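Subject: Structure handover and notes

Dear colleague,

I am passing on the structure that we talked about, and my notes on it follow below. Please read them with the structure open beside you.

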Amino acid sequence: MDHDGGYHLLFSHPQMVADLLRGFVSEPWAARLDLSTLERVNAKFHADGLERRDGDVIWRVRTLDGEYAYLYIVLEFQSSPDHWMAVRVMVYVGLLYLHLIREKLVDPNRPLPPVFPVVFYNGKDEWRKARDVGELVGLAPDGTPWAWRPRMQYHLLDELRYNTTDVNGGSDNVVAILIEMEQCRTVEELHSRVTRVVELLSGEENASLRRAFTSWLTTVLGPARGLNLRRTDVTELSEVRDVLAERVREWEQGWYEQGRVKGEALALIRLIERRFGPLPSEMRDQIMAADAATIEGWLDRLMDAPNLSAVFDDRPTS
C-alpha cells in the first residue's frame, strides 16, 4: 500500500469524512449538513477523450432541512507540490458533473450540486502553487485579466505545517490525530497518538476503521519512519499500540545505555588527565567514540599503567 492508497482506505469511512468537515471546514455551509446521512458514491466515471478516474473518494450528504442536496467531496492526495493541481481539480470536477448528467442523477431544471475538492499534502516543501485555476491563465492581449478565464478552487490541507490546536473537536477529532501522526518526530509521540485513536475507536462499530488505521500504520507510516510494525500477530490497532510501546522501551533502554557509556568515557578522560595531564583532542575523540567494553578495559589498565601509552597498548587492532 502506498500513501495515497492508505488515505483512500481511511477516508472510505464516514467518521473520517465527518471529522474532516467538522474540524477543518469553517464555512457556514458546513454547519448545515446532516453528517449522519453521509453516503459513499461510486467514483468510477469517465468522459469521451478524457482520463478515466478510479478510486476518488466521493460522498454525498443531506442538509439539515431534509432536502436531498448533493455535496461531493473529492479527496486528492499529493506528496509533492503540483504546479497544475488547480487544472487537474477542474478536470476532476468536470468529469464528476458529466457522470451525474450522463447517469441522470441531476435534474436539468435545478442547479448542479456543489463540489468541495480537498487536496491532502504531506510533502517537505511548502505548497506555493495556485489554488484557483484562474490564477494560471494569462492576461488578455491588452494586458487586462482575461474575462473568460475559468474559476475553480480547491481546499488545501498542508499536513506537516497544520496547527491541529485550531481544529474543532481537538483531541477527539480522528483526522486531527491522523495529521499529528504525520507530524510525529519520535516513537513516543506516535505511541501517544495511536493510544488516543484506540480510545476513540473502541467498539465493534469502529472495527473496520481500526483495521484501516492498522494497515496504514504498518505498511505506510511505519516503514516511512524506519519502524518495523509488521508482525504476524498484529491485526488490531491496539496491538500496533503495544508494539510501539515496546519500541519506546527499547529506545529508552538504548538512550540509558548511551548515557552510561558516555559517563564512563568522561570519567576515564578525567582520571587520565589527573594522572598524566591534558589529552590531545584526537585521543579524547577516540575515547568518546569507544564502546562500553573497550572503555572498561582502558579503565582497568589505568589502575597500574606507569604512563599514558601503557593504558592503550593492548587495545584491539582492526
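Let me begin with Leu217, which, once its neighbours within four places in sequence are left aside, is in contact (heavy atoms within 4.5 Å) with Met181, Leu190, Val194, Gly222, Pro223, Leu229, Leu237 and Val240. Leu217 is also one of the residues with the most contacts inside the largest nonpolar core, which has 49 residues, and it shares that standing with Leu10, Phe11, Met16, Met181, Phe213 and Trp216. A second core, separate from that one, has 18 residues, including Leu96, Leu100, Val119 and Tyr154. By nonpolar core I mean a set of buried Ala, Val, Leu, Ile, Met, Phe, Trp, Tyr and Cys residues joined through side-chain atoms within 4.5 Å, where buried means under 20% relative accessible area, exposed over 50%, and partly exposed in between, with a 1.4 Å probe and protein chains only. In soluble globular proteins, nonpolar side chains tend to be buried together.

Before the details, a word on provenance. This is a predicted model, in which local features need pLDDT of at least 70 and side-chain atom pairs count only at pLDDT 80 or more, whereas totals for chains, interfaces and linings use all residues. Residues are numbered from 1 along each chain as its sequence is written, and side-chain values use heavy atoms, with hydrogens and water left out.

As for the whole chain, there are ten helices and five strands, taken as DSSP runs (H or I of at least four residues for helices, E of at least two for strands) and numbered from the N terminus. Of the 318 residues, 42% count as buried, and of the contacts with a separation of 6 or more, 62% are between residues 24 or more positions apart. The accessible surface comes to about 17,900 Å², 50% of it belonging to carbon and sulfur atoms, as given by the Shrake-Rupley method with a 1.4 Å probe, for which, at the level of residues, only the protein chains shown count as cover.

Two helices deserve a closer look together. The axes of α2 and α4 (residues 174-183) come within 7 Å and cross at roughly 90 degrees; these axes are lines fitted to C-alpha atoms, for helices over the stretch in contact, with angles running from 0 to 180 degrees between N-to-C directions. The two are therefore roughly perpendicular to each other, a label for angles of 65 to 115 degrees, while those under 35 count as roughly parallel, those over 145 as roughly antiparallel and the rest as oblique. Where they meet, Gln15, Met16, Asp19, Leu20 and Phe24 of α2 face Val174, Val175, Ala176, Leu178 and Ile179 of α4.

How many residues of α4 are buried? Eight of the ten are, so α4 is largely enclosed by the rest of the structure, and its buried residues are covered by elements including α1, α2, α5 (187-200) and α6 (207-224). Likewise, α2 is largely enclosed, because eight of its eleven residues are buried. At the N-terminal end of α4, Asn173 acts as a cap, with a side-chain oxygen 3.0 Å from the backbone nitrogen of Val175.

Just ahead of α2, His13 sits in the loop between α1 (3-10) and α2 (14-24), and with a relative accessible area of 13% it is buried. The side chain of His13 reaches the backbone oxygen of Leu9 at 3.1 Å, and beyond its neighbours within four places in sequence His13 is in contact with Trp59, Ser208, Leu209 and Ala212.

Two aspartates in loops are also worth checking. Asp82, between β3 (72-78) and α3 (85-102), counts as buried at 17% relative accessibility, and its side chain reaches the backbone nitrogen of Trp84 at 2.9 Å. Asp132, in the loop between β4 and β5 (155-158), counts as buried at 4%. The side chain of Asp132 makes a polar contact with the side chain of Arg151 at 3.1 Å, a polar contact being a pair of N or O atoms within 3.5 Å where, within protein, one must be able to donate a hydrogen and the other to accept it, and where residues adjacent in sequence count only if both atoms are side-chain atoms. A polar atom of the same Asp132 side chain lies 2.8 Å from the backbone nitrogen of Gly134.

Finally, Lys104, in the loop between α3 and β4 (115-121), has a positive phi of about 55 degrees although it is not a glycine, and at 71% relative accessibility Lys104 counts as exposed.

Best regards
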